[in-house]
Each structure stands twice: as structure tokens, then as C-alpha cells.
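Biologist: Please pick out one sheet in this model and take me through it closely. Keep it brisk, and give me the cut-offs as you go.

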Amino acid sequence: MQFQQSQLTRSTQFSLRQDGLFVSQRDSRGAVDIALEVPYEEVLPVRLEYQRSVPQITGRWVVFSLFGLLNILRAVRPTELTPEAWGWAFGLLMGLGLLVAYAHRNWWHKAIVHTANLQVTLADHPRDRRQLRAFVQDVENHTKRYLRQEYAPVNPLGLIEPQLRRLAWLHKLDVLSTPEAQALATRLTGRLPGRGFKSMGRRLEAPYVN
């Protein structure tokens with residue numbers, strides 16, 4: 001599973017690998033800005049955020065622009081412009097219009113993918129929205145399946161406290177529901193949690209390391 005987006009100034013790729021989420025971002029020349037693999041243990045929580053940062057045009061800027069345009073019209077009489085000059089002026093206006101359109105699609109509307117320790121900014125292209133949302137959901141589902149498979153199994157004959165803390169970590173990330181986590185904790189300790197599942201363990205800097 002992967003997601004790709006190409007822009008004029010950069011290209012971005014996400015892909016799900018065996019042990020982590022691979023993120024790659026290159027500039028327009030192909031030089032690598034980001035190239036890393038985030039372990040699935042450090043992906044959750046993952047979410048998608050949309051930002052809109054269209055510049056606000058105030059009344060002061062409107063008055064300033066109109067004043068500048070009037071000064072230009074006073075200095076240059078339209079009847080004195082040659083066809084070539086008119087062509088250059090028309091081309092300049094078209095270029096400005098295209099620049100504004102590109103900025104509107106690629107700079108002023110952003111989609112940001114957040115993981116636990118990383119955020120990657122993309123352009124909010126309407127054609128990519130459904131695919132991007134589906135991919136982010138796939139990342140979350142795949143990560144939870146991976147963590148459940150790797151860290152949810154318990155061994156009553158092993159050290160109990162590290163396993164309880166690991167279960168608390170999985171519960172916090174919503175990999176295990178409360179009934180599932182309590183059932184596994186009961187299997188480890190032989191008794192029901194007295195004051196709720198959250199009280200079973202302390203916080204670890206690297207909770208997935210047993």
C-alpha cells in the first residue's frame with residue numbers, strides 16, 4: 001500500500017513496509033529532503049489535518065493597489081502602446097493569474113499527515129483527498145494489526161510487570177479495547193484489575209521494549 005503526490009516544487013511518497021511506514025520527499029531537482037522509515041511502534045496516533053492559509057486582502061492593500069494602477073495609467077497612455085507591448089502586458093497578467101491559481105491549489109490549501117513524532121505537509125488536491133484519507137486509515141489499521149500481533153500475546157510464566165505496562169501502552173493507543181486488555185491482565189495476574197486497567201503500570205520511555 002502506498003500514496004504518491006507530485007507537485008511542481010516537490011514529490012512525496014508514503015508506503016507501508018514490513019516493519020514501518022516509509023516516508024520520502026524530494027524537491028524539484030530530485031534531491032532528497034526526507035527519506036526515513038518510521039517504526040510501527042512510533043506511528044500511532046496517526047491523523048490527517050487540513051489547513052487553509054489564503055492571504056487576507058485588507059482594505060489598505062486594495063487602496064494601495066488602486067493608487068499604483070492609477071499612477072501607471074497616468075504615466076503610460078494605452079493609445080501609445082504597440083501591439084507587442086500589449087502582448088507582453090497580456091502575458092504578464094496571464095502569468096500572474098496562473099501563479100495565483102497554483103498557489104491556491106498547492107500553497108494555500110494543505111493536508112498534513114501527523115504521526116506520533118512526524119508531520120508531513122502535502123498539497124490539498126481535491127483529486128487526492130479520497131485516496132489520502134483511505135491511505136491514512138489503512139496506515140492506522142495496519143499498524144494496529146502489527147502491534148497486536150507483536151505485543152499483545154502474554155506469557156504468564158514471564159515477568160508480569162513489563163507485560164502489564166506493555167498492555168497499558170497498547171490500550172492507550174487503542175490497539176486493545178478495555179475488555180481485551182483486562183482479560184489479558186487477568187490471565188497474567190490471576191485476578192481482576194482492582195481499580196481499572198490504567199492503574200496497572202507506569203509510563204515507559206520505550207513501552208514496546210520488554
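Modeller: Contact here means heavy atoms within 4.5 Å. Among contacts in the chain between residues at least 6 apart in sequence, 54% join residues at least 24 apart. The model is predicted: local features need pLDDT of at least 70, side-chain atom pairs count only at pLDDT 80 or more, and totals for chains, interfaces and linings use all residues. Residues are numbered from 1 along each chain as its sequence is written, and side-chain values use heavy atoms, with hydrogens and water left out.

First, the setting. The chain has five helices and seven strands. Both kinds of element are DSSP runs, numbered from the N terminus: helices are H or I with at least four residues, strands are E with at least two. Read from the N terminus, the order is β-β-β-β-β-α-α-β-β-α-α-α. The chain holds 210 residues, and 30% of them are buried. Buried means under 20% relative accessible area, exposed means over 50%, and partly exposed lies in between, with a 1.4 Å probe and protein chains only.

Now the sheet itself. Three strands make an open sheet in the order β5-β6-β7, and the pairing is antiparallel. β5 covers 47-52 and β7 covers 119-123; each is an edge strand with a single partner, so one side of each has no neighbour in the sheet. Neighbouring strands are turned by 25° against each other on average, direction ignored. Axes are lines fitted to C-alpha atoms, for helices over the stretch in contact, and angles run from 0 to 180 degrees between N-to-C directions.

Two strands count as paired if DSSP finds at least two bridges between them. In general, strands of a sheet pair through backbone hydrogen bonds, either parallel or antiparallel. β5 meets β6 (residues 109-114) over six bridges, running antiparallel. One pair to find on screen is Leu48 with its bridge partner in β6, Val113. On the other side, five bridges tie β6 to β7, again antiparallel. Here Ile112 has Thr121 of β7 as its bridge partner. β6 and β7 form a hairpin, with four residues between them.

β6 deserves a second look. Five of its six residues are buried, so the strand is largely enclosed by the rest of the structure. Lys110 belongs to β6. With a relative accessible area of 29%, Lys110 is partly exposed. Its C-alpha atom is separated by 4.7 Å from that of Ala123, although the two residues are 13 apart along the chain.

Ala123 leads on to Gln5. The backbone oxygen of Ala123 lies 2.9 Å from a polar atom of the Gln5 side chain. For scale, a polar contact is a pair of N or O atoms within 3.5 Å; within protein, one must be able to donate a hydrogen and the other to accept it, and residues adjacent in sequence count only if both atoms are side-chain atoms. Gln5 sits in strand β1 (residues 2-6). It is buried, at 3% relative accessibility. Leaving aside neighbours within four places in sequence, Gln5 touches several residues, including Leu122, Ala123, His125 and Asp128.

Next, the helix. α3 (residues 129-151) lies across β5, β6 and β7 and runs at about 145° to β5. α3 also features in the one cavity of 30 Å³ or more that a search of the whole structure finds. On a 1 Å grid over the protein atoms alone, a cavity is a set of points where a 1.4 Å probe fits but cannot get out; lining residues have an atom within 4 Å of a point. Grid points are joined across faces, edges and corners, and the volume is the space filled by probe spheres set on the points. This cavity holds about 40 Å³. Its lining is Phe14, Leu21, Val46, Val113, Phe135, Val136 and Val139. α3 gives the most to that lining, with three residues. Val113, the bridge partner of Leu48, is one of the lining residues too.

Last, the strands that come before this sheet in the chain. β2 (residues 10-16) and β3 run antiparallel and are joined by seven bridges. Three residues link them in a hairpin. β3 (residues 20-27) has seven of its eight residues buried, so it is largely enclosed by the rest of the structure. β3 also pairs with β4 (residues 32-39), antiparallel, over seven bridges. Arg26 of β3 stands opposite Ser11, and it also stands opposite Val32 in β4. The hairpin of β3 and β4 has four residues between the strands, and Gly30 there takes a positive phi near 90°.

Technical notes: 1 Å grid on protein atoms, 1.4 Å probe; cavity = no way out; pocket = protein on both sides within 12 Å on 5 of 7 lines; lining within 4 Å.
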